[in-house]
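Colleague: Please take a close look at one part of this model for me, namely the pairing of charged side chains. Then place that part in its surroundings.

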Amino acid sequence: MINDSKVLAIIPARGGSKGVLRKNIRELSGKPLIAWTIEEAKKSLYIDRVIVSTDDEEIAEVAREWGCEVPFLRPSEFAQDHTPGIDPVLHAMEMLPGYDYTMLLQPTSPLRIAEDIDACLEHCVKQGANACVSVSLTDKSPYWMYHLSETNGLLPVLHSEQPVLRRQDAPDVYVLNGAVYVARSTWLQQTRTYLQAETIGFVMPKERSFDIDTQFDFTFVETIMNEKKTTK
């Protein structure tokens, strides 16, 4: 609990991942990918209940082996390629009512640690915000990004009266890193999204902000993890 408020953490893990086959239970530096998130969530000072929401029996079994509760199997309609990411969260909230805050912890952020989880929740509560999501500073400034016209002309994504020519002159820009989403449960049920104009950001270090989506991401993160092991 935090300030007498109960916290539910949901780890969504469907079986039909496309970018990396069986990604959520594939071994990453000695553990299934999902295990990294389960372990850190269980270390949280504030989370009252951690569950995995999955449609897949094998994923459910792996989650239980790593000490996480799987109180139900997610209906198939909430596990399709086109299923909005919020739907499994809302389904879990309906199945498990009574929590003041609902947190989404994607298993594709294995470098996120318990301190990040707790700090994001603390930030949300301290600021009196309805929702808070983790972000990281990006070095890919949108001031240097372009669309291509039909004739391959460069069309700026952002328009500025004064062109930003040097990196150090560009304003800081933050990107969603996918690691932690938290919101007041009643607000989330009403808005059906963590991202509204009133949502605040919690800044995480870039070195813990990798989101695994492709085989390259998987290999890259595993290399980082293995290097950390050898330097300890």
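Modeller: Buried means under 20% relative accessible area, exposed means over 50%, and partly exposed is in between, with a 1.4 Å probe and protein chains only. This is a predicted model, in which local features need pLDDT of at least 70 and side-chain atom pairs count only at pLDDT 80 or more, while totals for chains, interfaces and linings use all residues. Residues are numbered from 1 along each chain as its sequence is written, and side-chain values use heavy atoms, with hydrogens and water left out.

The charged pairs come first. Side chains of opposite charge can pair when their charged atoms come close. A salt bridge here is a side-chain nitrogen of Lys or Arg within 4 Å of a carboxyl oxygen of Asp or Glu. Searching the whole structure by that rule gives 8 of them.

In one, K31 pairs with E39, and the closest N and O atoms are 2.5 Å apart. E39 has a relative accessible area of 25%, so it is classed as partly exposed.

In another, D87 pairs with R192 at 3.9 Å between the closest N and O atoms. This pair links distant parts of the chain, 105 residues apart: D87 is in helix α3 (residues 86-95), and R192 is in the loop between α5 (185-191) and β10. Helices (H or I, at least four residues) and strands (E, at least two) are DSSP runs numbered from the N terminus. The two partners fall into separate accessibility classes: R192 is partly exposed because its relative accessibility is 48%, whereas D87 counts as buried because its value is 17%.

A third salt bridge joins D139 and K206, at 3.7 Å from N to O. D139 belongs to the loop between β6 (131-137) and β7 (146-148) and K206 to the loop between β10 and α6 (215-231), so this bridge ties together parts 67 residues apart in sequence. K206 is partly exposed because its relative accessibility is 40%, and D139 is partly exposed because its value is 47%. There is also a network in which salt bridges with shared partners join R22, D56 and E58.

Now the surroundings of the R192 pair. Helix α3 also holds L90, which counts as buried because its relative accessibility is 12%. The C-alpha atoms of L90 and R192 are 7.6 Å apart in space, although 102 residues separate them in sequence. Contact means heavy atoms within 4.5 Å. With neighbours within four places in sequence left aside, L90 contacts L188, Q189 and R192.

Strand β10 (residues 200-203) includes V203. V203 is partly exposed because its relative accessibility is 46%. Together with L137 and Y174, V203 makes a nonpolar surface patch of about 260 Å². A patch is made of residues with over 30% relative accessible area and no salt bridge, with like charges joined within 9 Å and nonpolar side chains (Val, Leu, Ile, Met, Phe, Trp, Tyr) within 5 Å. The areas come from the Shrake-Rupley method with a 1.4 Å probe, and for residues only the protein chains shown count as cover.

Returning to E39, helix α1 (33-42) is mostly covered, with 8 of its 10 residues buried. Among the buried ones are I34, W36, I38 and E40. Strand β4 (residues 49-53) is mostly covered too, with 4 of its 5 residues buried. Strands β1 (residues 7-12) and β4 run parallel and are joined by 5 bridges; one bridge partners P12 with S53 of β4. Two strands pair if DSSP finds at least two bridges between them.

Last, the interior. A nonpolar core is a set of buried Ala, Val, Leu, Ile, Met, Phe, Trp, Tyr and Cys residues joined through side-chain atoms within 4.5 Å. The largest has 34 residues, and I34, I47, V52, M103, L105, L121 and V182 have the most contacts inside it. Elements that each supply at least two residues of this core include β1, α1, β4 and α4 (114-126). Of these, α4 gives the largest share, 5 residues. L121 touches I2, V7, Y46, Y101, M103 and V182, with residues up to four places away in sequence not counted. Apart from this core lies another, of 20 residues, including I10, L96, V133 and V135.
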